[in-house]
Amino acid sequence: MTMESNKGGSTIELDTLKGDVAKLANDLKDVLHAVGAQGKEKLEENKKRLEAALKTLRGEAKEKLGEAYESLHEHSKEAVELSRKKIEERPLTAVFTALGVGLLVGILIGRRS
């Protein structure tokens with residue numbers, strides 16, 4: 001082998017290697033684009049799942065708040081009705097109790113001023 005033929009073979013190998021590297025770079029670029037597209041699809045899918053979960057959670061929270069409101073409303077009606085019955089049973093006791101509580105609150109407020 002001569003020096004020139006060896007040099008020509010190296011050039012061919014180098015060109016082949018450059019071509020392989022360029023092909024590999026293009027293949028890698030294609031793979032990254034494909035992965036990126038799949039990542040976007042997964043991200044969009046997860047976003048839709050989260051939105052659905054939030055919508056469900058809002059509905060459940062609204063339902064629970066409605067139930068709590070109804071329960072509180074019923075308990076307050078019962079408390080008012082019980083108070084009315086107690087006042088009707090013992091009107092003088094109710095008046096003196098209200099008077100005593102009023103005096104106590106007045107004294108406490110008077111001390112703060």
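Leu103 is exposed in this predicted model. Its relative accessible area is 52%, and the cut-off for the exposed class is over 50%. Leu103 therefore falls in that class, because 52% satisfies the cut-off. The residue belongs to helix 2, which covers residues 91-112. Leu103 also contributes to a nonpolar surface patch. The other members are Leu92, Phe96 and Leu99. Together the four side chains make a patch of about 460 Å².

Ala53 is located in helix 1, spanning residues 3-89. Its relative accessibility is 45%. Ala53 is thus classed as partly exposed, because that class lies between the 20% and 50% limits. Leu24 precedes Ala53 by 29 residues in sequence. The C-alpha atoms of Ala53 and Leu24 are separated by 43 Å in space.

The secondary structure of the protein consists of 2 helices and 0 strands. The C-alpha trace spans about 130 × 35 × 15 Å along its principal axes. The radius of gyration is 42 Å, whereas a compact globule of 113 residues would have a value near 13 Å.

Burial and surface composition were also computed. Of the 113 residues in the protein, 0% are buried. The exposed area of the protein amounts to about 10,800 Å². Carbon and sulfur atoms account for 64% of that area. The charge count is 20 positive and 19 negative. The mean positions of these two sets lie 9 Å apart.

Methods. Residues numbered from 1 in each chain as written. Predicted model: local features only at pLDDT ≥ 70, side-chain atom pairs only at ≥ 80, totals over all residues. Heavy atoms only, no water. Patch = residues over 30% accessible without salt bridge, like charges linked within 9 Å, V, L, I, M, F, W, Y side chains within 5 Å. Areas by Shrake-Rupley, 256 points an atom, 1.4 Å probe, with all protein chains shown as cover. Helix = DSSP H or I, 4+ residues; strand = E, 2+ residues; numbered from the N terminus. Buried < 20%, exposed > 50% of the residue type's maximum accessible area, 1.4 Å probe, protein only. Rg over C-alpha atoms; globule rule 2.2 N^0.38 Å. Lys, Arg positive; Asp, Glu negative; His and termini not counted. Charge placed at Lys NZ, Arg CZ, Asp CG, Glu CD.
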